[in-house]
Each structure stands twice: as structure tokens, then as C-alpha cells.
Amino acid sequence: MSKRCASVSKILPFSCVDGPGSRLAIFLQGCNLNCKNCHNPYTIGLCDHCGDCVATCPHQALSLVEGVVHWDEKACQQCDTCLQTCTRQSSPMVQRYSVDSLLAQVKRNALFINGITVSGGEATLQLPFLYDFFTAIKSAPTLRHLTCLIDSNGELSTAGWEKIAPWMDGAMIDLKAWGSECHTALTGRDNQRIKQSIQWLAKHDKLSELRLLVIPQHSDHLQHIDELAQFITTLGDIPVRLNAFHHHGVRGDAQAWQSATKEDVETLAAALTQRGVKQIIRPALYL
């Protein structure tokens, strides 16, 4: 039994968009990037219990007791007023889960899912928890058939990947821009470590999927298409998912950005295909 706990923003018992098949998806709180285009910006920060959200809740689902914000799940109507109020890009609805409590959820759903995906925020910021959680799943005779995937921004160090790799089936990594300058403008950090993570995971057969986000006038994939395609082809036959930027959930400047169209995505897909990238996955829909 593990006493490790994680800060969990949300749990989806069944998801078909967080990896192959039907999956139990766990979204951990906290991220070390600050992407302007983030569709889940309330998962970036950690609550400091300032209490600003308490008075704004129209359903009295929040209270401040001895300096700590408490969330009443039964009273909550999921109106997200608190999420819009928070200036730290956090959520008062984050809950602490132990490895054993999440393992119990997995067991209840094991007959109906193909695996577990841990996302965020950035899942690898809580690596010790991930290690214990995945170890417990792979050590359980009735659960070890479930695939364990991490949806990550790739900022984890090589030492971190080496620690978790024996217990995970793969990672899905976002390469939000090719050039460091563009990546820094979009996320607040350069992408050197992310590229290193992608290469390390591919070398060790742990890169389940590489993801490229198409943002008209902001992403730089086409400007660096030769370098990008060469990088991808050296990884092996890795699925490359092209995601289309849309406005759902975004805040700030990105609300005024142009959504990606099917034509935008197909232009990038064609350019990659011409340069030898074979497995390209298009968006299922455009918003």
C-alpha cells in the first residue's frame, strides 16, 4: 500500500480522446508551462486559499474555514464561476487522492476500459505519485493488462523518464512549436528539453504519439517544415496527431486568435507527408 497522494483536478471514468480505446483519464493539477493557448488554464496553478472565489460562487458551494477553501461537491452546479475568478489559474475543486483511492476507481472500471491516461496540468510534476500508481497497476494480476499512458508536455528530465519508463506503456508528447523563440512566445519556455524527451522516448519505444498544434499565424511548423519532418522521421514510425486550435476554454490574447480550419491542417499534413512522415492523424472534428 502506498501513502502517496496527488492533487487531482478532474477524473473522467470513460474517455475516448485521451489515448487509444476507452480510458480512465486523470487530470493532475499544476503545470510548468504557461501556454497562451491552453484549453484547461485552470489546471496550471495551485490554489493559495486566498478565498477570492468564495464570495463569487452563486450556489454557496465554497467556504473559507481556518484559512482553507473548502468545496461542497453536492452543492456545486459546475458553473465554473470560481475558475473565471481565480487569478492564479487554479481551481478550488482540486481534491487529494491517494494511490489506493484511485486504484479502487480503476478496479471498478477495469472491465470497461482499455487503460489509464494521466494528464494535467502536467502529470510528471507529481512523478513519485505516478511511479507508485503505475507500479500498483502493473503489479495487480487483474489490472496489469491495462495500458498506462502519460499525456505530457515533455519537460521531464531524462532521469525522470528513466524512473517511470519501466512502469508505463507510453507517453503522448506535445511539440507546440519547432523554433525556440516561437515556443517561448507560446508557452513561456524553450523546447530543448522537450525535443530531448521526444527522442529519448522514441529510442526506448515509449513514444506513443507526437502531437502538433496548428495555430494559424502563431505556430511555426510550416516555416521549419524541413527540419521538423527530418526530426520526426528519425523517431521511427511514430503516429503524429495534428490538433486544430480552437477557442474553447482559452483566456487572454488567445481568445482573439484565429481557429484552425481543415485547410490549415491539411496543408501541414500534406507538407509532412511529402517529406516522408507516414502516420498522420487528423482531428476528428473542428470547432
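The following questions and answers concern the salt bridges of a predicted model.

Residues are numbered from 1 along each chain as its sequence is written, and side-chain values use heavy atoms, with hydrogens and water left out. Local features need pLDDT of at least 70 and side-chain atom pairs count only at pLDDT 80 or more, whereas totals for chains, interfaces and linings use all residues.

Me: How many salt bridges does a search of the whole structure find?
Reply: Side chains of opposite charge can pair when their charged atoms come close. A salt bridge is counted when a side-chain nitrogen of Lys or Arg lies within 4 Å of a carboxyl oxygen of Asp or Glu. Across the whole structure, the number found is 10.

Me: How many residues apart in sequence are the parts that aspartate 132 and arginine 4 tie together?
Reply: Aspartate 132 and arginine 4 form a salt bridge whose closest N and O atoms are 3.3 Å apart. Aspartate 132 belongs to helix α3 (residues 127-139) and arginine 4 to the segment before β1 (5-15), so the parts joined are separated in sequence by 128 residues. Helices (H or I, at least four residues) and strands (E, at least two) are DSSP runs, numbered from the N terminus.

Me: Is glutamate 209 buried or exposed?
Reply: Glutamate 209 meets arginine 211 in a salt bridge of 2.7 Å, N to O, and both belong to a network with Asp151 and Arg241. Buried means under 20% relative accessible area, exposed over 50%, and partly exposed in between (1.4 Å probe, protein chains only). Arginine 211 has 9% and is buried; glutamate 209, at 8% relative accessibility, is likewise buried.
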